Each structure stands twice: as structure tokens, then as C-alpha cells.
Amino acid sequence: MLECQPGLPAAGAAGESPLLEVSGVTLQYKTKDHLVTATYRVDFRVFRSDRYVLLGPSGCGKSTLLKAVGGYLSPVEGTIRLKGEAIARPGPDRMMVFQEFDQLLPWKSVKQNVIFTLVNSGRLKRKAAEERALHYIEKVNLTKFVDSYPHMLSGGMKQRVAIARAMAMEPDILLMDEPFAALDALTRRKMQDELLQLWDDTRFTVLFVTHSIIEAINIGNCILLLSPHPGQVKAELNSSGIDEVDEISGLRLSDRIHKLLFSDQIEERELTSHV
Amino acid sequence: MSSTPDVTAGSRHPAHARRVEFVREKIDGSACGVVEKPLTAWERVYNISALRKIFILLALTALWQAYAVWLGKSLLFPTFGATVAALWQGIESGELLQRTWNSISVLLMGYMCGIALAALLTVAAISTRIGNDFLETMTAMLNPLPAIALLPLALIWFGLGSASLVFVLIHSVLWPVALNTHSGFLAVSNTMRMVGRNAGLEGVRYVTAILIPAAFGSILTGLKIGWAFSWRTLIAAELVFGVSSGSGGLGWFIYVSKNDLEIANVFAGLFTVILIGLFVENVIFRNIELRTVRRWGMQS
């Protein structure tokens, strides 16, 4: 298994302690008649300013893992620590961006949606919250739509609002659960580039779940591959953002990932490589 | 594989000849004829639903007047004109207004108490499993029970007076409102719940900031049904046990007028009931809807 370097070249890997440390995490959930083990003893570490991608086919427990980091369910085994402290419940230090478009509150305008979280988490007072909301709405290029309601926006715009809402909280870590999966391919590509631009601006830390190899390579500086049933760590790979040929194996990164994921199970067909 | 000379074997290009590529300049929109055209004045007028409804009302009024004149029996079926005259007289003498006010004040009291109780029950139902079972069992048992059937009992318990009316009104409002609110809460999407908890909301703030607005469509439906049930129950209760509410309300007015064979007054009383119903539905609830669920795109 290869170790990823922290996102910022300046931050030395040796001295810095990880921002998020997931060690030996086994997650289980109950359906109506089964107890499902979603992940089995998963370890990984995310450092400050990492763009850390969890990649794997359906059923590898990547979304469940993200929800556990979000504090929505607790591991049956192992620990998840954020800045050295175990995660107990959902909180505004870990902002989630979901795949679904209905994550925006339909009864609030774009601006109010961003303010809502800032004020309700007790992070800022009304006035300061409004200023910061407008700042981040501008960052995602939605200034023209501050007073629109979510139902008037396109899918891509809704996701941009959700990203602005999460970023405005300036959380320790952003958790993104396939945020672009429901978008069309062209919009998806554009959103990926915009996210990278935002990262250039603010150097946030993000834990990003996807099932698209291309998206993982594009967005992540580090990719954790998970194999399914139950989810286990398969590999951890670095990505420069370009689908480069690896010197040792002589393969493109996407081909390496493809091989790693599909070498032992051919029947797993859900993994798609969207643009 | 039937290959033509210009397709190399094994390429992913179909067997026919390659097309000539082209790129076009965009032509000016004005050359395309109609791109966007305003509707005609008639189309715009016809699009206003209030005007369409007013037209229906006018047609019904005309039908009423025509039939009553043709029948010519004011004791059975007074004309629209006579009804309006009686209505006007009732308003002028202040009697009808006083009666209406009596009814509405009792109604509002029962309605508000019913909503408050429904809120308590639903919050209990979403926060504990036993509360949920309690609400489900109670609504299953008591929702089908006509409120008016409880009035004899209420009269024994609370005596003659508005207290017994308020009791039956609560019964008529509580169950539909609680049932709709509860099903609305249950239908709030998981994502929206997670967003609320992500923002650090818990307890009462979580209910008021996330669940209530997210379920507002269902809550409004419950309020509408509750309103119709309670208005209906109140008039019926006053008709049968009219004297119970001290000075008497609109139902009592209808009952007394019938005894005095002032059929135009009976119609005027019924007319008032209808007018208030129309007002609440088309002005109050309609405006709440426009400002909330429709504005938020939760209802088209």
C-alpha cells in the first residue's frame, strides 16, 4: 500500500499530525432482515488541505464511511478522530454536501440557506453571517441569484449553493457525498474545475466520495480505493490531477485503478467511469 | 464484416463513408419568426382563476334567481334578491353580525386549542415510539367519531355554555390536524433531516426550523380540513343545542328564523355560513399558501 503525501507540499508529512484519523473502523447497519457490514477495519488519515477521495464500486461502504465521519452513525469497532477527538454526533465542524438536490431548504432563499447554518450553529450573528454568506455565494458565482428560491435553480446551481453553504461555515473538513453524481456530464466537469479553483483560493480540506474513476483522479490529491462486500481498503494512490502514466507499472492511473478494483471480482459492474 | 475501402479493419467507425464535418455561425433570433409572443388580453383574463371562479358564482346566482322567480313560493325558496335584502337587514340591525361574532369567537377558541393539542401530540409522536403508537391508536379510534355525537356528553360534563362547544370543536380539529402533521413529518426527506442535524439543531429548534417548514404542505392541508370540520360541527351544534352557547350563534339564528317561518332569514344565515367559508378558503388559506408552499415551489 502506498502512503499519500499531505496536500500542501509545504506541510511536512513527518511532523504534522493528521486532521482526521480513521483507524480500524468497522461499520454495520441493520436493514429489515439483515445486519449488513458496510466496512471492515478501514484505516486512513487525512491531513490539512488534503483533497482525499474515497473511491469504490457500489456496496463498498464509502458513503456509510462518510456518514460515520459526519457523526450520523458510530463504528462498532475502531475509532474516528477529528483533531484528536473522537466523533460522537453530527456537528458544524464537519459540513456535509449531499448528492440530493433537496438538501437545500426550499423555504429559504439562496442567501437565507447559507445564513441559516451559520446562525443556527451559533457560529456567527445575523449581520456577520450575511456578510460571509454573500462572500461565499460570490465565490460560487451565484451573486445574481441570492434572493432566488431553490426551486428556481438548476441542479448544478443547487449544488453550488450547497457547497457555498458548507464552505461558509469554514469547517475543519468538508464531507462531500457524490455531490456531482446527479448532474449531467458537462455540468459535472465544470463543477469539478470550479471546486479545484475554490481549493486554490482557500485550501480547504475535503473528504470526497465518488464512484467515478475520472472524477477521483481529477479532484483528489490522494485516492483511497475500497473493495466491496464488506468495504476494505484496497490501495491508497496519489493523483496529480492528470491521468498520468506511472513509471513503475507503465500504466495510466485510471487503468491502474481499474485493474486494482476489478482484478478479483469481474461481476462488479456498477462502477462507472463518468467524465 | 462488410468493409469498404476507407474503413480500416478493427476501427470503431461504422462501415459507411465518413461524413463531411461542418460548423455553422449562429443566425440572429429575429430571423426565426415568433420566438416569444405576448398572450392576448382575453387569454390573460381567462388565466386568472379568481375571475373564472367569480364567473361560476355569477352563473349560479342567476340560476337561483331565475328558478326562485319561476317557482314563486317565497316560503319554500326565496329569491336571491330577498335573501340579500334579509342579509342586509340582518347586518344593519346588527343581529346577524352579533350572531356571527358569537360563532366565530367560540370557533377560534376551539380551533386554537385543537391545534395546540395536536402540536403536543405530534411532537410526542415523533420523539418517542410510545407517543407514536398513542397517536396512531387515538386517531384510528376517534377520527371517525362525529364530533356532534360527543355533544350530549359534553353538555353533561361542561354544562350549557361555550365550554361544551369548545370541547366538541377541539375533538373535530385535533385528529385531522394531528394526523396530517404527523404524516407530513414522516415524509420529510432523510437528507433534509441530516442537513438540520449537521447545522447542530436539536429538540424544539430542530422541529421548528426543519420539520415544520418541510412538512408545511401537509400541515396546511390538516388545518384546512380541521377548519371545515370545526365550522361544520359548530353550526350543527348550535342548530341542535343552540341555546347552549349562551347568547346563541349563527346556527341558532337559522333555527329561530325557521321557527318564525322567516325563510329569507334562514337563507341569509346559510348564506353567511357559505360566505365565511369562501372567505377563509379563498382569502386566508389561499394567501398563506401563496406566501409559503407555492413560493417555495413545494406545491404548484
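This is a guided tour of a predicted model with two chains, moving from whole chains to single residues.

**Before selecting anything**

Residues are numbered from 1 along each chain as its sequence is written, and chains are lettered from A, with ligands numbered from 1, in the order in which they are written. Because the model is predicted, local features need pLDDT of at least 70 and side-chain atom pairs count only at pLDDT 80 or more, while totals for chains, interfaces and linings use all residues. The model scores ipTM 0.81 and pTM 0.77.

**Select chain A**

Chain A holds seven helices and ten strands, where helices (H or I, at least four residues) and strands (E, at least two) are DSSP runs numbered from the N terminus. Turn the chain along its principal axes, and its C-alpha atoms fill a box of roughly 55 × 45 × 40 Å. The radius of gyration of chain A is 18 Å, which agrees with the value near 19 Å for a compact globule of 275 residues; the radius is taken over C-alpha atoms, and the globule rule is 2.2 Å times the number of residues to the power 0.38. Of the 275 residues in chain A, 47% are buried, where a residue is buried if 20 or more other C-beta atoms lie within 10 Å of its own, exposed if 12 or fewer, and partly exposed in between, with C-beta atoms placed from the backbone.

**Select A:L20, then A:L224**

A:L20 sits in strand β1 (residues 20–30) of chain A, and it counts as buried because 23 other C-beta atoms lie within 10 Å. Leaving aside neighbours within four places in sequence, A:L20 is in contact with A:R45, A:V46, A:V69, A:L82, A:I173 and A:L207; two residues are in contact if their C-beta atoms, placed from the backbone, lie within 7 Å.

A:L207 is also one of the residues with the most contacts inside the largest nonpolar core, which has 131 residues, and A:V53, A:A164, A:L174 and A:L224 are listed with it. Such a core is a set of buried Ala, Val, Leu, Ile, Met, Phe, Trp, Tyr and Cys residues joined through C-beta atoms within 7 Å. The largest share of this core, twelve residues, comes from helix α7 (residues 162–186) of chain B. Back in chain A, and not counting residues up to four places away in sequence, A:L224 touches A:F44, A:Y52, A:V53, A:L54, A:L55, A:V233 and A:E236.

**Select two loops of chain A**

Go next to the loop between β9 (222–227) and β10 (232–238) of chain A, where A:P230 lies; a cis peptide bond joins A:H229 and A:P230, with omega about -15°. Then move to A:K83, in the loop between β4 (77–82) and β5 (85–86) of chain A. Phi of A:K83 is near 50°, a positive value in a residue other than glycine, and A:K83 is partly exposed, with 13 other C-beta atoms within 10 Å.

**Show the contact between the chains**

How many residues does each chain bring to the contact? Chain A gives 18 residues and chain B gives 16 residues. On the side of chain A that touches chain B, β6 (94–97) and α2 (110–120) of chain A each supply at least two residues, and α2(A) gives the most, with three residues.

**Select chain B**

Chain B has twelve helices and zero strands. Along its principal axes, the C-alpha trace of chain B spans about 105 × 60 × 35 Å, and its radius of gyration is 30 Å, whereas a compact globule of 300 residues would have one near 19 Å. Buried residues make up 30% of the 300 residues in chain B.

Two of the helices are worth selecting in turn. Helix α2 (residues 49–71) of chain B has 23 residues and should span 33 Å at 1.5 Å a residue, which agrees with the 33 Å between its end C-alpha atoms; the expected span is 1.5 Å times one less than the number of residues. α2(B) is hardly covered, with one buried residue among its 23 residues, and after α2(B) comes B:G72, whose phi is positive, near 70°. α7(B), by contrast, is mostly covered, with 20 of its 25 residues buried.

**Last stop: B:L261**

Finish in the loop between α11 (250–259) and α12 (263–291) of chain B, the place of B:L261. B:L261 is not a glycine, although its phi is positive, about 55°, and B:L261 is exposed, with 9 other C-beta atoms within 10 Å.
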